[in-house]
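Here's a guided walk for anyone opening this structure for the first time. Take a look at the sequence and the model, and then we'll go through them together.

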Amino acid sequence: MTTLTADHIYATGLRNQWHPVVPSRFVAPGAMRKVTVLGEEWLLFRRSDSTLSMLADRCPHRGAPLSLGKHLGDRVSCWYHGLEIETDGTVSSVPGLPGCNLEGKKLVRSLPVREVGGAVLAYFGDEEHPEPAPLTLPEPLTDPGTDSFLCYAEWNGPWRYAVENLLDPMHGAFLHHESHTMFDGDTTAKFRIRETGRGYFFEKTDQRGVNFDWVELCRTGVDWVDLSIPYPPSAGPGGPFGIVGMVCPVDENRTGVFFWRYRKVEGWQRDSWRFLYRTLIEKRHWEVLEQDRVMLEAMPADADQRENLYQHDLGVVRLRRMYRAEAEAQGAAQVPAQAPAPRH
Amino acid sequence: MTTDWPYLDVHQSRTHEPTPYEYRLASALEEVFTHEGHELADVVRGLNARQVHSPDGAPWTEQSFRDEINRLGA
Ligand code: FES
Ligand SMILES: [Fe+2]
């Protein structure tokens, strides 16, 4: 494995934690799919019984992508010389040379995976941390009284911009002013940071329940945000809708965003929301999300190098410090111990 | 399933393009929620007043609305 620098980690995503990868429906039973995550190539492989595994997309023989190979039901065979790889990364057969000593060896990296609310999550440990970090799932996705829809989209831009956007509630009153949910509320505000055991709130001190007024960053093995946005009366009973947001660092310049729109509703109220969501509301939500995409994709590459920040940006500043410090720590841990100078 | 980057799909929750009846019912529901209220009784009254009925043409009852919205929104 190549040594990871702090800059590379900051650019491509933190290690030793879980990240969302793609929606579960992207890999049907009996199918496989190539994905890029944290700047690396992977293969998602689903057996016909729906068991999912995630393998490095690299044949241990000569490095051909396994994603070009064949799905053999419970293993994949490399197209180049036919090596067969089990879902845990073990070489089960070298057809060209039976009995070859590669057989039975676990030579392909495989990642722990879990499926949550219709998305694949995987744990990306470095060499020192192969065991998956404990994962606590967002309550809105596990609470039986809360119903949700996942919206997934792919944006051209660094993963950090997508998270920063979420830690910046004030953009709602401007960027999304012409929207069905965020037209209201004051365009001036004071914010504060409130630490929690799992992250922090960034919230307005003087307005709640009117626009996008607060956000909680949660680090529970996977990084996610929770926020809430009021619905107009047309959306029916159940109060505001919430968003659980996660971000997949694809590579330095590409990001997968996961937004679960959720609402505390049950019975006919739940059914009404789901019906309206599918028929009319999903499209309006999409238009709001497109405003974010257009803005973030248009941000210059040096956007975060030449800024003049003010009080509303404290949530972003806090986020960057945290991520930068963690990238530095992870990068430092990667530096191999200095080898003694060669003697001649 | 496409693997082209970027994946940008407006509709990810639908199983089918809504029928004209579903579109009509949805906009009537929004109107009723806006002008009549959020109780089940408001909904039934509001839809019936607007003559937006289920496909069999019968006026809504609380039970028939529950059943139909469950079929549509489950
Ligand atoms: S490179 Fe895969 S079998 Fe040779
Ligand atoms: Fe936004």
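What follows goes from the contact between the chains to the sheets, the cavities and a couple of backbone oddities.

Keep in mind as you read that this is a predicted model. Let's start where chain A and chain B meet. Chain A brings 37 residues to the contact, and chain B brings 35. A common way to put a size on an interface is the accessible area that is lost when the parts come together. Here, about 3200 Å² is buried between chain B and chain A, and carbon and sulfur atoms give 61% of that area. On the chain B side, the residues that lose the most area to chain A are Trp5(B), Gln12(B) and Glu30(B), which together make up 22% of what that side buries.

Stay with Trp5(B) for a moment, and look at the bond that links this residue to Pro6(B). Most peptide bonds are trans, and most residues other than glycine have a negative phi. The bond from Trp5(B) to Pro6(B), though, is cis, with omega near -5°. To find the spot, go to the segment before helix 1 of chain B, residues 20-35, where Pro6(B) sits.

Chain A has its own backbone oddity. Ser50(A) isn't a glycine, and yet its phi is positive, at about 85°. You'll find Ser50(A) in the loop that runs between strand 3 (40-46) and strand 4 (52-56) of chain A.

Now for some sheets. Strands of a sheet pair through backbone hydrogen bonds, in either a parallel or an antiparallel way. One open sheet in chain A has three strands in the order 1-11-10, and the pairing is antiparallel. Strand 1 (17-23) and strand 10 (113-116) of chain A are the edge strands, each pairing on one side only. From one strand to the next, the twist averages 30°. Strand 10 and strand 11 (residues 119-124) of chain A run antiparallel and are joined by four bridges. If you want a landmark there, Val116(A) stands opposite Ala119(A), which is in strand 11 of chain A.

Another open sheet in chain A is made of four strands, ordered 5-6-7-8, again with antiparallel pairing. Its edges are strand 5 (70-71) and strand 8 (91-93) of chain A, and each pairs on one side only. Strand 7 (residues 84-86) and strand 8 of chain A pair over two bridges in the antiparallel sense. Here Ile85(A) has Val91(A), in strand 8 of chain A, as its bridge partner.

What about the empty space inside? Rolling a probe the size of a water molecule over the atoms shows where such space is left. Searching the whole structure turns up four cavities of 30 Å³ or more. The largest has a volume of about 200 Å³. Its lining is made of 18 residues, with Met182(A), Ile243(A), Val288(A), Leu289(A) and Asp292(A) nearest the centre. Which helix of chain A gives the most to this lining? That's helix 5 of chain A, with four residues. Among the other elements that supply at least two residues are helix 3 (159-166) and strand 16 (223-229) of chain A. By class, the lining of the largest cavity has 10 nonpolar, six polar and two charged residues.

The second largest cavity holds about 150 Å³ of space. Its lining also counts 18 residues, and those nearest its centre are Val163(A), Asp223(A), Met246(A), Val247(A) and Tyr323(A). Strand 1, helix 3, strand 16 and strand 17 of chain A each give two or more residues to this lining. Sorted by class, the lining of the second largest cavity has 14 nonpolar, three polar and one charged residues.

How values were computed. Residues numbered from 1 in each chain as written. Chains lettered and ligands numbered in written order. Predicted model: local features only at pLDDT ≥ 70, side-chain atom pairs only at ≥ 80, totals over all residues. Heavy atoms only, no water. Pairing = 2+ DSSP bridges. Axes fitted to C-alpha atoms, helices over the stretch in contact; angles between N-to-C directions. 1 Å grid on protein atoms, 1.4 Å probe; cavity = no way out; pocket = protein on both sides within 12 Å on 5 of 7 lines; lining within 4 Å. Points joined across faces, edges and corners; volume = space filled by probe spheres on them. Nonpolar A, V, L, I, M, F, W, Y, C, P; charged D, E, K, R; others polar. Contact = heavy atoms within 4.5 Å. Buried area = accessible area lost by both parts, 1.4 Å probe.
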